Amino acid sequence: MAGSTDGNRDSSDLLVHAYLDGELDVANGVAIKQRIDSDPAMAKQAADIQALKEVLRANFPTEALPPHLKARVDRLHRKSLNAYRPTWGAMAAAVLVTLALSSTSTWIVQKGITSSSQTSELLDGHLRSLVAQQATDVASSDRHTVKPWFNGKVAQSPRVKDLSEAGFPLVGGRIDVLNRVAVPTLVYNRRRHVISVTAAPMVAAGPIEDAIHGFNVLRWVADGMSYWAISDLNAAELREFARLYREPP
Amino acid sequence: MQLDQNAKSARFIALVQPYLADAYTLARWLTRNRDDADEVLQEACIRALAAIEQQTGANARAWLLAIIRNTAYTWLSAKKRLRLVGLDDLSERDLARVEEGGAQDAPIVDPEAELIARANAKQLERLISELPMEFREALVLRDIQGLGYHEIAEVTGVPVGTVMSRLSRARRRVIYSLKEADA
């Protein structure tokens, strides 16, 4: 993505690791598997990594906590409980706390998964658009054409901003699918880089900044909508883009 | 909300206890010494207990491992057993040298996979212990403790992309050293 051979080698190197670690989604996993199968050097590298992973797992199983340490830790948190005999009330409270904690953690874990799978769904959309004939369903640099095009296709039209003077010309828009709901995506350019901006009418957790498979991802919340900006543009310029996009008109 | 000792103890049992073995494993790898690991674990438990009211239950394992990591770093720097130069403090050139280590002239490692599969625990332990702290923790958290990239990012406080590059470099160095040892 960086354009240089070194950059490409590095990023495909990371993808091989991510593939063997089960961190890629199906689409990217299939793509990297095909490259491993067709490139002997890559296949060898993958075999080495896999062998290392296996030998480490086999040689270092999780050890139980040594008894002397277990006793020390128990003393720590039970310090003032030595003279204490549990009442039914206290035991019930402890059970309730545990239940509350376990249900909270389930909820948060699920939410975490959802939020990262949202990002990977959107990244899929972005990747599809890069390999498609054109990155947009409606190709226009005129925001007065793009905004009405979304009417009737998605629940809420996104904010369409003209940023061409800042060097981010509008290319058009398309519909992506997020959690089985159609959501609007705007496409901007920066030199030869494509930036996808998706707005979804749901409030995800706080802002994130991430780099996934060589793409930079920014997410923020504004006006009750969640926004994602995805691009292989460098992080600094993507941040600059997001800042301009978010500025009030 | 001020929790009394019983409630704190109940939370400790629910949130910390299930991950103590994981916590101890990480402490051992970071300190490279069982006595130090004992101290780090105990100190980390005190910190966890003090912070237990703020802990919501979201990914308690990553939370505890992050406490272990911070405690270990503090412990080691206090003991001056490790020159704690953060990779972020190094110049580009030094960074490249640290990261490449012995593998500098061999960017594409290419030993037979069987050679790696034959490595024994002692040999692996030594090679992992020799890795710079940042690489070691990435490798241990992923390949020995089985955490996902996002969890490792949470524990070590760096972006996922950084986790990925540290992990790949750590593995590359171990693979390269195994090959060297055999040559």
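Where does B:R32 lie in chain B? Select B:R32 first: this residue sits in the loop between α2 (20-31) and α3 (34-50) of chain B. The model is predicted, and the stops below are to be read with that in mind.

**Stop 1: B:R32**

Keep B:R32 selected and check its backbone. B:R32 is not a glycine, yet has a positive phi of about 60 degrees. Most residues other than glycine have a negative phi. Is B:R32 buried or exposed? The answer is partly exposed, because its relative accessibility is 41% and the class runs between 20% and 50%.

**Stop 2: chain B as a whole**

Select chain B and colour by secondary structure. The display should show ten helices and zero strands. Following the chain along the sequence gives the pattern α-α-α-α-α-α-α-α-α-α; the loop at B:R32 joins α2 and α3 of this series.

Now switch to a surface view of chain B. Its accessible surface comes to about 8,200 Å², and 47% of that area belongs to carbon and sulfur atoms. Of the 183 residues in chain B, 56% are buried. For a contact map, take the contacts in chain B with a separation of 6 or more: 73% of them are between residues 24 or more positions apart.

**Stop 3: the interface of chain A and chain B**

Show both chains and select the residues in contact across them. The selection holds 45 residues of chain A and 60 residues of chain B. Between them the two chains bury about 4,500 Å², with 62% of this area on carbon and sulfur atoms.

How many salt bridges does the rule find across the interface? There are five. One to display is the pair B:R171 and A:D21, a salt bridge whose closest N and O atoms are 2.8 Å apart. Next, turn on polar contacts: the rule finds 13 residue pairs across the interface, both residues of each being at pLDDT 80 or more.

**Stop 4: the side of chain A that touches chain B**

Hide chain B and leave the contacting residues of chain A in view. Elements that each supply at least two residues to this side are α1 (5-20), α3 (40-59), α4 (67-77), α5 (88-131) and β5 (208-212) of chain A. Which element gives the most? Select α3(A), which contributes eleven residues.

Finally, colour this side of chain A by residue class:

- nonpolar: 22 residues
- polar: nine residues
- charged: 14 residues

Note on methods: Residues are numbered from 1 along each chain as its sequence is written. Chains are lettered from A and ligands numbered from 1 in the order in which they are written. This is a predicted model: local features need pLDDT of at least 70, side-chain atom pairs count only at pLDDT 80 or more; totals for chains, interfaces and linings use all residues. Side-chain values use heavy atoms; hydrogens and water are left out. Contact means heavy atoms within 4.5 Å. Buried area is the accessible area (1.4 Å probe) that two parts lose on being put together, summed over both. A salt bridge is a side-chain nitrogen of Lys or Arg within 4 Å of a carboxyl oxygen of Asp or Glu. A polar contact is a pair of N or O atoms within 3.5 Å; within protein, one must be able to donate a hydrogen and the other to accept it, and residues adjacent in sequence count only if both atoms are side-chain atoms. Helices (H or I, at least four residues) and strands (E, at least two) are DSSP runs, numbered from the N terminus. Ala, Val, Leu, Ile, Met, Phe, Trp, Tyr, Cys and Pro count as nonpolar, Asp, Glu, Lys and Arg as charged, and the others, Gly among them, as polar. Buried means under 20% relative accessible area, exposed over 50%, partly exposed in between (1.4 Å probe, protein chains only). Accessible areas come from the Shrake-Rupley method with a 1.4 Å probe; for residues, only the protein chains shown count as cover.
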